[in-house]
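Let's take a friendly walk through this model together. Have the sequence and the coordinates open as you read.

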Amino acid sequence: MKNIKMIPAFVAVMAMIITGCSNADVENRIARLEGRVAELEGSGTAAARSVTSAKPAANKQPEVKPEGPLPEFAFNEESHDFGTINEGDVVEHVFAFTNTGDSPLIISSATGSCGCTVPEWPKEPIGVGEKGEIKVKFNSRKKPGIQNKTVTITSNTYPKQKRIKIKANVTPAPKDADTPS
């Protein structure tokens with residue numbers, strides 16, 4: 001289903017190539033589309049879920065807040081802008097947080113919106129009032145233009161998922177003189 005929804009974007013990109021847009025223009029537009037797709041996939045609205053999900057929204061049960069004490073994230077920041085970097089750079093940022101809830105915080109997973117964004121998270125419970133860190137590495141290889149990426153953190157909080165974001169403006173690598181255009 002997701003592949004079918006990407007057909008209009010693919011057709012638009014191909015049309016730009018055929019009509020003479022430069023590679024830089026095409027790459028920038030692709031990068032913006034990737035960022036927009038990541039935003040839509042990360043959206044928590046029912047409308048966005050029904051658009052991006054193969055299952056009908058009617059089958060989705062709303063998340064119910066569990067009874068009892070719960071942990072809670074308090075991030076120092078929830079987004080980071082790397083600014084302008086060069087294509088091929090691997091950059092990283094540490095998102096610090098504190099468990100401000102009433103029970104230990106357990107992170108079961110953290111996933112990047114694409115393979116170029118790799119998070120590392122604590123595997124041990126974070127006690128009440130304790131601090132933790134999530135390190136996010138971004139590999140800009142073959143990612144020219146403006147990049148907007150998300151990391152979805154799944155834990156025993158309510159709601160179960162939390163998103164942190166990174167962005168960068170990736171300066172395209174110069175083309176080799178030996179490479180045919």
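Which residue in strand 6 does Pro119 stand opposite? In this predicted model, the partner of Pro119 is Val136. The two belong to strands that run antiparallel: strand 5, residues 117-120, is joined to strand 6, residues 131-139, by 4 bridges.

Stay with strand 5 for a moment and look at its side chains, which alternate along the strand. Thr117 and Pro119 point to one face and are buried. Val118 and Glu120 point to the other face and are not buried.

Now step back along the chain to a pair of cysteines. Cys114 and Cys116 are joined by a disulfide, with an S to S distance of 2.4 Å. A disulfide is a covalent bond between the sulfur atoms of two cysteines. Searching the whole structure turns up 1 disulfide. How do its two ends sit with respect to the surface? Cys114 has 22% relative accessibility, so it counts as partly exposed. Cys116 counts as buried because its relative accessibility is 9%, and the cut-off for buried is under 20%.

Next comes a sheet. Four strands form an open sheet in the order 2-8-7-4, and their pairing is mixed. At its edges lie strand 2 (79-86) and strand 4 (107-112), each of which pairs on one side only. On average, neighbouring strands of this sheet are turned by 20° against each other, direction ignored.

To finish, follow the edge strand 4 to its partner. Strand 4 and strand 7 (residues 145-155) run antiparallel and are joined by 5 bridges. Within this pairing, Gly112 stands opposite Val151 in strand 7.

How values were computed
Residues numbered from 1 in each chain as written. Predicted model: local features only at pLDDT ≥ 70, side-chain atom pairs only at ≥ 80, totals over all residues. Heavy atoms only, no water. Disulfide = S-S within 2.5 Å. Buried < 20%, exposed > 50% of the residue type's maximum accessible area, 1.4 Å probe, protein only. Pairing = 2+ DSSP bridges. Axes fitted to C-alpha atoms, helices over the stretch in contact; angles between N-to-C directions.
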